[in-house]
Structure formats: structure tokens, C-alpha cells
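User: I'd like to learn how to read a protein model feature by feature. Could you take me through this one?

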Amino acid sequence: MKTICLYFEIHQITHLKRYRFFDIGTDHYYYDDYENERTINDIAEKSYMPALETLHKMIKENGKFFKVAFSLSGVGIEQLEMHAPQVLDKLQQLNETGCVEFLAEPYSHGLSSLTNEECFVEEVKKQCAKIKDYFGQTPKVIRNSSLIYSDDIGLQMQQMGFIGALTEGAKHVLGWKSPHYLYNCALTPKLKLLLRDITLSDDISLRFNNSSWDEYPLFADKYISKITALPEDEQVINLFMELSALGIAQPLSSNILEFLNALPAQAKAKGITFSTPSEICMKLKSVGELHVPDAISWADEERNLSCWLGNPMQREAFNKLYSIADRVRITNEPRIKQDWDYLQASNNFRFMSTKPSSVMFGRGIYDNAFDAFTNYMNILGDFISRVNSLYPEEIDNEELNSLLTTIRNQGEEIAIREKEIIRLQTKIEKMEQERVKDSGEKTAKKKTKKATTTKK
């Protein structure tokens, strides 16, 4: 039986302001508050809210048959908290239906997985804690920023305790294989891999409103028929896209939400179900390992890292940023931590791209890639100075490693103590239950004895 795994990404760009060389050392606030509020309110009105309302309606109309998954970056949640809390309220309503799964991802929506394992782990844990606070779910499945994945990253994901990961069904990785099966990481069979169907996902997120497309207009029955026509043993159809595709990339006037709303009924008529990522990982077996020695992503035609690290400017900014990663991890300064999250966001490097792209993306306040690079490096220069004022460059690697080891040991000790607290709490609860039970039995015996005496 075929099943559709429908997943949406929610991430919000934190726009940086114009920052001149002469601002370094005097201005430590880096953000364009007006642009951040304007853009997120615009997206919430045109995309997030109507799309989430439609998904909620689909769940109400179809019950447990229809299911959907989301991942939210931590910085995206922060922007929603400040400017569009109604989106989070709606997501909480969706969560209450029991038909929604929330996934893990790096808090910053950044590229830490490519260079600093400790930083990557810390980010994912921070985002998972945020998801737990809002929705009461502990994510079992993870997706990296822009579905970035490699064998080494997959191993890290499994070691963090995840049972599955989402990534791209890149043709140069799959070769003759199909994305419609469940695979596993080449370095560990414990991590299942769900691969995005590029064609079927992009039919909705990129081509739906394109009148020159040979399949235009696309209707729900035709779309489900394409899935039905797939070979019988190809059971997993992964449709992954940004939520903003519904309303921004594909405007509401295109009837994109009406198309989406019609999918469950058409799928049910053809015997096709909907499943969450964790359900697929737990129910289905992997058909084999997938070798991904070099990192892939869902970006551009190449499905690699070139839109973020394809030119010398991007690589210079990337290396400069992560050269202080270990120092930032040591600090407990809230402003440093928050700026670190926003400066890591992958869109900062995307703005510096000089490669042609079939997917339109705006550069925000920037005129060109060099403009984006210059502005970012000015801000980064100030940020690095602030970090170095806390932990000077004179601190050698040995001393820094000693500090990191101490922090790591403290973290492990805290984790052990937390487990012991949970064990003791469980023991106390069990003892209390037994005490209440014994008390109840004694009371019952007394009542029985009293009743017998009275009868005599």
C-alpha cells in the first residue's frame, strides 16, 4: 500500500541592517527590525495562516486518515513569537489533533553540521527543547537545514538518538534507485532515510501556477493518478517543501489551497494513505543503505552546497564565522548566543551567491553578492571582537580544550544526575501508589469487619 509523507519547513529570515565599517566597535545591534516585522507579517497573512487553516480543515474532515509533519527553526520561532504569535497558536491547535509530527533541525537553520560536530549537536538539542516546550513532542526524526546530508552527518544524527532523517532524493546519489523506498545511513543501519521526491514535490511548490508548464493546470485527481501509476512496490512518496510555497511561491489566487484540500479524498479513493515520518521509520524496513560520501541538499539543480559555499567570499565568511565556534559555546552571555544563532543562518551565505539559479530568491537589502559579503563581514568583525573580549585570542588551543572538556564533563554529570532524579521520582511515585493501595485495602477491611459486627 502506498503512503504519502507530507512535510513542510517553517523558517524565517532574520534580516541584517546596513552596517558600515565605522560601526564596528560602536554598534552591537545588527538587525533591521522594520524589515523583519514587515516580511513575517506579510508571509503570515499571505501564506502561513491560510495554509495552516486549510491543513486544520483537512484534518477535521478526514480524521486520523490525514497526517502532516513540520519542522520549525529556532530563529524562525523567535521571529514568530515577536511578530506573528497567531501562527504558533494555530500550530498548537494542529498539534492537539494528534495528526501532526514536529521534527528536529538546527536551531539557527545554519551550516554547523559541515564543520563543528559539537556546535551541531548543541543546536539540535536547543531546537528540540523549544519544540518540547511548545508542542509537548520530543522529535524522533531530524532534518538538517535545507535537507543537507552526508554519511558522516547521518552517523551524528543517529548518535543523537534519532531513528530517521529527511534528505533529498538526489539523482546523482540514487543513480538507478528510486526515492520511493525507505533506506538507511551507510554508516549505521539504525538511521532510516526518507528521500524527497523532487518531481512530485516541485510540481506543487515550483510549477503549480506556471501556465507554460505542459501539465498546467494540475488537479488533485491527476496528481494522485501519477502516484497511483508508480510501480506497485514503490510505497513511500515523500512530498517535502517550504510552507511558504503555499501562498508566496504559489499565490492563493492559483487555487493552490483548494488543490491541497482535495488530495486526501482522491488519495483515499485510490487506497493511498498518509503517514508521518516516524510512522514510516517504525513500520517499514529499509531496503538497503544509501551511500552519500559528499553532502547533498535540496538547493538548486546541483543538489549540493554550492549556493552557500560555492565562491571564495562565501567560504571566507563561513570559515571566519566558525573559527570562533568553540569560544561561543563556552560563553553564557545571552546576547552573544542570540547573535550567534542569527549570524549562522544559511540565508546569510545564500545572499553572497554568484551562481545562476532556476529558483528565484531575493537578496533583501543587498544590491549584489559583494554587497552582501561586505555587510556581513563588517558585522562579523564586530561580533568576533565581542567574543574575543570574553575569551581573548591569546588563549591557546590547549587551554581552550581544557575549558571545553570541563564544560563537557559538567554536562555529562548533570545528565547523569537528571537520570537519577527521574529514577528516584519514579520510585517515590511507585511507593506512594503502593501506600495508597495498602491504605485503601486496610480501609476496606475495616469497613467489612464493621459491617460483619453490626450484622451479628
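User: Where is Asn-238 found?

Analyst: Helices and strands here are DSSP runs (H or I, at least four residues, for helices; E, at least two, for strands), numbered from the N terminus. Asn-238 is found in strand S8, which covers residues 236–242. A word on the source: this is a predicted model, where local features need pLDDT of at least 70 and side-chain atom pairs count only at pLDDT 80 or more, while totals for chains, interfaces and linings use all residues. Residues are numbered from 1 along each chain as its sequence is written, and side-chain values use heavy atoms, with hydrogens and water left out.

User: Is Asn-238 buried or exposed?

Analyst: Buried means under 20% relative accessible area, exposed means over 50%, and partly exposed is in between (1.4 Å probe, protein chains only). Asn-238 counts as buried because its relative accessibility is 0%.

User: And which residues is Asn-238 in contact with?

Analyst: A contact means heavy atoms within 4.5 Å. Leaving aside neighbours within four places in sequence, the contacts of Asn-238 include Cys-5, Pro-179, Asp-197 and Ile-280. Leu-194, Leu-195, Arg-196 and Ser-201 are also among them.

User: Cys-5 caught my eye there. How many disulfides does the model have?

Analyst: A disulfide is a pair of cysteine sulfur atoms within 2.5 Å. By this rule the count is zero. Cys-5 is in no disulfide, and the nearest cysteine sulfur, that of Cys-281, is 8.4 Å away. Cys-281 is likewise in no disulfide. As for accessibility, Cys-5 is buried, with a relative accessible area of 0%, and Cys-281 counts as buried at 5%.

User: What does the UniProt annotation say about residues 6–292?

Analyst: UniProt positions are given in the numbering used here, with feature names shortened, and annotations may be inferred rather than shown by experiment. According to the unreviewed UniProt entry, residues 6–292 are covered by the annotation "domain: Glycoside hydrolase family 57 N-terminal". In the model, that stretch is 42% helix and 17% strand, with its end C-alpha atoms 24 Å apart.

User: Now the backbone. Which phi values and peptide bonds deserve a second look?

Analyst: Most residues other than glycine have a negative phi, and most peptide bonds are trans. In this model, a cis peptide bond joins Tyr-216 and Pro-217, with omega about -5 degrees. Pro-217 lies in the loop between helix H7 (198–205) and helix H8 (220–228).

User: What is the phi of Ser-146?

Analyst: Ser-146 is not a glycine, yet its phi is positive, at about 55 degrees. Leu-147 also has a positive phi, near 60 degrees. Ser-146 is in the loop between strand S4 (141–143) and helix H5 (151–159), and Leu-147 lies in the loop between S4 and H5 too. Ser-146 counts as buried at 8% relative accessibility, and Leu-147 is buried at 0%.

User: Where does Ser-346 lie, and which residues does Ser-346 touch?

Analyst: Ser-346 lies in the loop between helix H14 (334–344) and helix H15 (347–350). Not counting residues up to four places away in sequence, Ser-346 touches His-109, Gly-110, Leu-111 and Trp-308. Ser-346 counts as buried because its relative accessibility is 4%.

User: How should I set distance along the chain beside distance in space?

Analyst: Try two pairs of C-alpha atoms. Gly-247 and Leu-257 are ten residues apart along the chain, and their C-alpha atoms are separated by 8.3 Å. Thr-374 and Glu-122 are 252 residues apart, and their C-alpha atoms are separated by 29 Å. Gly-247 is in strand S9 (residues 246–247), whereas Thr-374 lies in helix H16 (residues 369–390). Gly-247 counts as buried at 10% relative accessibility, while Thr-374 counts as partly exposed at 30%.

User: Finally, what does the chain as a whole come to?

Analyst: Its secondary structure comes to 17 helices and twelve strands. The C-alpha atoms fill a box of roughly 100 × 65 × 45 Å, taken along the principal axes. Of the 456 residues in the chain, 53% are buried. Among contacts with a separation of 6 or more, residues 24 or more positions apart account for 77%.
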